[in-house]
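Please look over the chain shown here before reading on. The text then goes through it step by step.

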Amino acid sequence: MCCVPLMDHLAMCGAVMNRHFSLGLFAITLVTIAAIPSGSVAQGESLKDQLVGTWIYVSSTAKRDDGSNVPRPSLQGAVTYTGDGRFHFIVTRTDAPKYASGDLARPSPDEAMAIASGGSIAYTGTYTVDENSKTIHVSIETSTFPNLVGAPNQRRIITSITADEMKFTNPRTLAGLTLEIVWKRAK
C-alpha cells in the first residue's frame, strides 16, 4: 500500500515537470520572436507603411517609347514619404557647377542653363497608395519645374520594396520617358 502513494507522487511530479518544460519552451519562443528584427516580419505591413520614411537615390535608367536608352547624368537626392500622405522629392546633378558670384540670384547664363536643363529638380505634394496595383499616385503642388504642378496621372509603380531598398517605375514623364529608379532607405 505504501507503493501506491509513491507512484501517484511520481506521476504528479512528471505532470508538474511537463508543465514547467512547456512553460519554459513557451517563454523561449516568446523571447526569440521578440528578438527578430522588425524588417524580417515586414510582410504583414501595408505597402504605405513600408513606404513611409526617407529614401536615398541610388541610380536610375530612362527609356524612350521605342525602348532606346537615354543617358542619365550622375545624380544624388532623396524622397521622403510621411505617414499623413505628404511627400518631398529632390535630385540634383553631382557635377552641378558652383555659381562664380556666390549669389543664388545671379548665376551666369551657363550656370543657370546647367541647373535648368536637368541639373536639379524638386517637388512636393500629397500622395496615396493603391495597395492592389502597388502604385503611388502623387499630386504635385510645388515644383522647380512648374509644368509638373497639377500634371495629371502622376504615378510611380513599385516593382520591389524591402526594409532597405525600393525600386519604382515612373511609366511616363512629361518628356515621354519611362524612368526606373532605385532607392535605399536612409539610416
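The paragraphs below move from the whole chain to its charged pairs, a surface patch and two residues in strands.

The model is a predicted one. Its secondary structure consists of three helices and nine strands. In sequence order these elements give the pattern α-α-β-β-β-β-α-β-β-β-β-β. Two helices thus stand at the start of this pattern, and a run of five strands closes it. The chain has 187 residues, of which 26% are buried. Among contacts with a separation of 6 or more, 47% are between residues 24 or more positions apart. The area that the chain exposes is about 12200 Å², and 61% of this area comes from carbon and sulfur atoms.

Next come the salt bridges. The whole structure contains four of them, and three are described here, beginning with the pair Asp-65 and Arg-172. In this pair the closest N and O atoms lie 2.8 Å apart. Asp-65 sits in the loop between β1 (53-63) and β2 (69-70), while Arg-172 sits in the loop between β8 and β9 (178-185), so that the bridge links distant parts of the chain, 107 residues apart. Asp-65 counts as exposed because its relative accessibility is 60%, and exposed means over 50%. Arg-172 has a relative accessible area of 44% and is therefore partly exposed.

A further salt bridge joins the side chains of Glu-141 and Arg-86, at 2.7 Å from N to O. This pair also links distant parts of the chain: Glu-141 belongs to strand β6 (residues 135-143) and Arg-86 to strand β4 (residues 86-93), with their positions 55 residues apart. Glu-141 is partly exposed at 40% relative accessibility, and Arg-86 is partly exposed at 29%.

Arg-93 and Asp-95 form another of the salt bridges, with 2.9 Å between the closest N and O atoms. Arg-93 is partly exposed, its relative accessibility being 26%. Asp-95 is partly exposed as well, with a relative accessible area of 47%.

Charge also appears in a surface patch. Which residues gather in the patch of negative charge on the surface? They are Glu-45, Asp-49, Asp-130 and Glu-131. One of them, Glu-45, lies in the loop between α1 (3-35) and α2 (47-51). With a relative accessible area of 39%, Glu-45 is partly exposed. This value lets Glu-45 enter a patch, because patches are made of residues with over 30% relative accessible area and no salt bridge.

Two residues in strands complete the account. Is Thr-169 buried or exposed? Thr-169 has a relative accessible area of 12%, so it is buried, the cut-off being under 20%. This residue is part of strand β8 (residues 165-170). Leaving aside residues up to four places away in sequence, Thr-169 touches Arg-155, Arg-156, Ile-157, Thr-159, Thr-178, Leu-179 and Glu-180.

Ser-160 is in strand β7 (residues 155-161). Its relative accessible area is 28%, and Ser-160 is therefore partly exposed. With residues up to four places away in sequence again left out, Ser-160 touches Glu-165, Met-166 and Lys-167. Between the C-alpha atoms of Ser-160 and Val-182 there are 9.5 Å, and the two residues are 22 residues apart along the chain.

Conventions: Residues numbered from 1 in each chain as written. Predicted model: local features only at pLDDT ≥ 70, side-chain atom pairs only at ≥ 80, totals over all residues. Heavy atoms only, no water. Patch = residues over 30% accessible without salt bridge, like charges linked within 9 Å, V, L, I, M, F, W, Y side chains within 5 Å. Areas by Shrake-Rupley, 256 points an atom, 1.4 Å probe, with all protein chains shown as cover. Salt bridge = Lys/Arg side-chain N within 4 Å of Asp/Glu carboxyl O. Lys, Arg positive; Asp, Glu negative; His and termini not counted. Charge placed at Lys NZ, Arg CZ, Asp CG, Glu CD. Helix = DSSP H or I, 4+ residues; strand = E, 2+ residues; numbered from the N terminus. Buried < 20%, exposed > 50% of the residue type's maximum accessible area, 1.4 Å probe, protein only. Contact = heavy atoms within 4.5 Å.
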